[in-house]
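Dear colleague,

I am passing on the structure we spoke about, together with some notes on what turned up in it. Please look it over before reading on.

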Amino acid sequence: AVSGSSMPGGKGLTIATAANPKLTWESTSTVNAGVDFTLLNRRITGSIDVYKKKTDNLLGQLPTNSLTGFSNIIGNLGTIENKGLEITLGTVNVQSNDFYWNTHLAMAYNQNKILTINNLTPLTTGAQQIQQKYVEGYSAFSLFAYRYAGLNEKGDPQIYLNDNTVTSMRNITDTEDAVFMGTYQPVWSGGITNVFGYKGFRLTVNCIFNLGHFMRRDVNQYYSGRLTHNNMATGGFTTGNLHEEFMDRWTKPGDEANTDIPSYVVNQSSSDTRRDINYYRYADINVISASYVKMRDISLSYILPQKLTKNTLIEVRTQVGNIMLWKANKNNIDPEFHDAFTGLRAVPTQQGNVTFGVNVKF
């Protein structure tokens, strides 16, 4: 792709992306089967669909040799396979002259696997494996972690290698020393809506759920160097503040029996040469469930009787949104406002909000 400029003294032509003569079309083959059903005089309706989808020559950004002048190029990433099912179910639970109650459920299950992937640089270290979201033979959006072995007598993090030996040494891991923890993409997702009606009142309760996936929790980021407000101001949700677990760090010999949080070493060089703090940051003990169920909204409306409004339709309504009902983690993390891969929180917004409204039709 190119872009031009007609401004005096400006560039006449700029190459925005490099050409890729080997680029081919992405192709997808799908096999699916489904059934729709109706029972009890349409009191129960629904559908079940199962599918298997294979996509070849996935399009995406591929890294390039730095000598080309471009950091990446559009290319064919590899092949991925998806399997899953989708279910919808609607029920009329109660139906009378003045009262009704209906329920609608929609849910989906998906499991995928990367069959092939084009890596220009082979993965050879555990550190490289930890940073990969897409690895051949595993689910897309993967999380890998070190098997944590606690702290040594200096307060340095230790891990188990693939042969079950324990080490705190830097630059010693290979890909087999990083274990697969799961995917950070929900395996099960969906929502359920209940609608209740009584005369002029209507109550709608809508819940959503995301289940079966994982995330890295936020941990202390500071283990060496001089602590100032400026160098602490990179913590996202904790901008300008130390993480609370900093108070529980290793401080003296023997603390390794009571804490997993590495020591703080003032001298940056000493810390960097003797240990790898990422052994703790990316440890399996810091990968937690990201499953949750949330009340997306509850709305209540009332239509005033027309004998009082003289044929004018007046509806009064109120709504409460985004109320957390259940989350699998015990760290008070809302997975909707959390980067599952990096483990950084964001500030939750529009949670527990309340709105009021009036709708008038003449």
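In these notes, helices are DSSP runs of at least four residues and strands are runs of at least two, numbered from the N terminus, and a label such as H3 is to be read in that way. Please keep in mind that the model is a predicted one.

I begin with the second largest pocket, where H3 supplies 3 residues, the largest share of the lining. Helix H3 covers 268–274 and helix H4 covers 278–281, and each of these two helices gives at least two residues to that lining. The pocket holds about 220 Å³ of space and has 16 lining residues, those nearest its centre being Tyr223, Ser224, Gln268, Asp272 and Arg281. Sorted by class, its lining consists of 4 nonpolar, 6 polar and 6 charged residues.

The largest pocket, for its part, encloses about 490 Å³, and among the 27 residues lining it, Leu77, Ile117, Asn119, Gln132 and Tyr134 are the closest to the centre. Strands E5 (59–63), E7 (78–95) and E8 (99–117) each contribute at least two residues to this lining, with E8 providing the largest share, 5 residues. By class, the lining of the largest pocket has 13 nonpolar and 13 polar residues, together with 1 charged residue.

Turning to a single residue, is Ser291, which sits in the loop between strand E16 (287–289) and strand E17 (292–303), buried or exposed? Ser291 counts as buried, because its relative accessibility is 7% and the cut-off for buried is under 20%. A polar atom of the Ser291 side chain lies 2.9 Å from the backbone nitrogen of Gly212. Once neighbours within four places in sequence are set aside, the residues in contact with Ser291 are Asn210, Leu211, Gly212 and His213, along with Trp326, Lys327 and Ala328.

Finally, there is an open sheet of 4 strands, arranged in the order E11-E10-E9-E12 with antiparallel pairing. Strand E11 (166–167) and strand E12 (178–183) are the edge strands, each of them pairing on one side only. Strand E9, residues 142–151, runs antiparallel to E12 and is joined to it by 5 bridges; within this pairing, Ala145 has Val179 of E12 as its bridge partner.

With best wishes

Methods. Residues numbered from 1 in each chain as written. Predicted model: local features only at pLDDT ≥ 70, side-chain atom pairs only at ≥ 80, totals over all residues. Heavy atoms only, no water. 1 Å grid on protein atoms, 1.4 Å probe; cavity = no way out; pocket = protein on both sides within 12 Å on 5 of 7 lines; lining within 4 Å. Points joined across faces, edges and corners; volume = space filled by probe spheres on them. Nonpolar A, V, L, I, M, F, W, Y, C, P; charged D, E, K, R; others polar. Buried < 20%, exposed > 50% of the residue type's maximum accessible area, 1.4 Å probe, protein only. Polar contact = N/O pair within 3.5 Å; in protein donor to acceptor, adjacent residues only side chain to side chain. Contact = heavy atoms within 4.5 Å. Pairing = 2+ DSSP bridges.
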